[in-house]
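Trainee: I have the model open. Can we go through the terms one by one?
Mentor: Yes. Ask what each label rests on.

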Amino acid sequence: APLMPNGWPMAMAPPFGFFQMPPLLMWGNPGVGKTAFMQALARCMGVPFRRVDIGALTMGGQLFGLSLGWATGRTGDIFNMLTDSAYLNPIILLDEVEKAGGNSNAPVIPGLLALLEKETSCSYRDEAIDLALNASHAIWCAAGNDSHLMSRALRSRFVETTIERPEGEDAVRVACSIYRSQRAAFPWGKLFPAELDRSIALALANFTPRDISLRLTEAFGEAAVQGRTYLRITDFPAPPKSRRRIGFL
């Protein structure tokens, strides 16, 4: 199989009863379904899923632990998610990965580089627990919006792909799939038809998957308020009109 620069094969399915894949980096506009795709993959595999909001991290200790010699010492999220689960190959999504940086006194990138390398991840050590842990089976993926902002060293550890916004019949199928998922997620869902009306699906196809989900949620609520167990096109709010900006000469 072809190899990545860090030595990972493009696809790896060893005969040990577990699944592995090289770190995957997905580029795409917000709301196109990057996180939903990885959640669905985790459900299909039957392994835990954890989303890490890289853009919200303020220091590396949140991920990699902080020495117990400090008053705020604690184990990090990576150690916790590997030890709290019955599986050592969870799917970990690094969201907004291009914003990796964090506090200059406790950076995030060096720790991620070690975890994304097969050799060094075999003996991962949390800063709070001086104990080697094999983290090499974790399935790493990342999502980002702007490739120009990402560290070259970190980017080189991933296989990259671009997630385009679905269009045409693909978008219609996505709308119908989201409808079925929402219908199945709540006990009242079985009161509604099993399939989404095609005219509604065609109208929803103009939006991103995230917007489709939000609009369906609002439409279910509107139908419930009116005592109906089916959706109408009028249950969906009209897109907001763009306001004319006021400027100065």
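Mentor: This is a predicted model. The accessible surface of the chain comes to about 14400 Å². Carbon and sulfur atoms hold 56% of that surface.

Trainee: What makes a residue count as buried, and what percentage of the chain is buried?
Mentor: Buried means under 20% relative accessible area. Of the 249 residues in the chain, 41% are buried.

Trainee: Why is the set with Leu 63 and Ile 78 called a nonpolar core?
Mentor: A nonpolar core needs buried residues of listed types, such as Leu and Ile, joined through side-chain atoms within 4.5 Å. The set has 30 residues and is the largest such core. Leu 63, Ile 78, Leu 94 and Leu 154 have the most contacts inside it. Therefore these residues count as buried and joined in that way.

Trainee: Which elements give two or more residues to this core?
Mentor: Strands S1 (24–27), S3 (91–95) and S4 (139–144), with helices H2 (61–64), H3 (77–83) and H4 (109–116). H4 gives the largest share, five residues. Apart from this core lies another, of 20 residues, including Ala 175 and Leu 204.

Trainee: What makes Leu 94 a contact of Trp 140?
Mentor: Contact means heavy atoms within 4.5 Å. Leu 94 and Trp 140 are in contact, so they have heavy atoms within that limit. Other contacts of Leu 94 include Val 52, Leu 112 and Phe 158.

Trainee: How many helices and strands are in the chain?
Mentor: Nine helices and five strands. From the N terminus, the order is β-α-β-α-α-β-α-α-β-α-β-α-α-α.

Note on methods:
Residues numbered from 1 in each chain as written. Predicted model: local features only at pLDDT ≥ 70, side-chain atom pairs only at ≥ 80, totals over all residues. Heavy atoms only, no water. Buried < 20%, exposed > 50% of the residue type's maximum accessible area, 1.4 Å probe, protein only. Helix = DSSP H or I, 4+ residues; strand = E, 2+ residues; numbered from the N terminus. Areas by Shrake-Rupley, 256 points an atom, 1.4 Å probe, with all protein chains shown as cover. Lists of a residue's contacts leave out its neighbours within four places in sequence.
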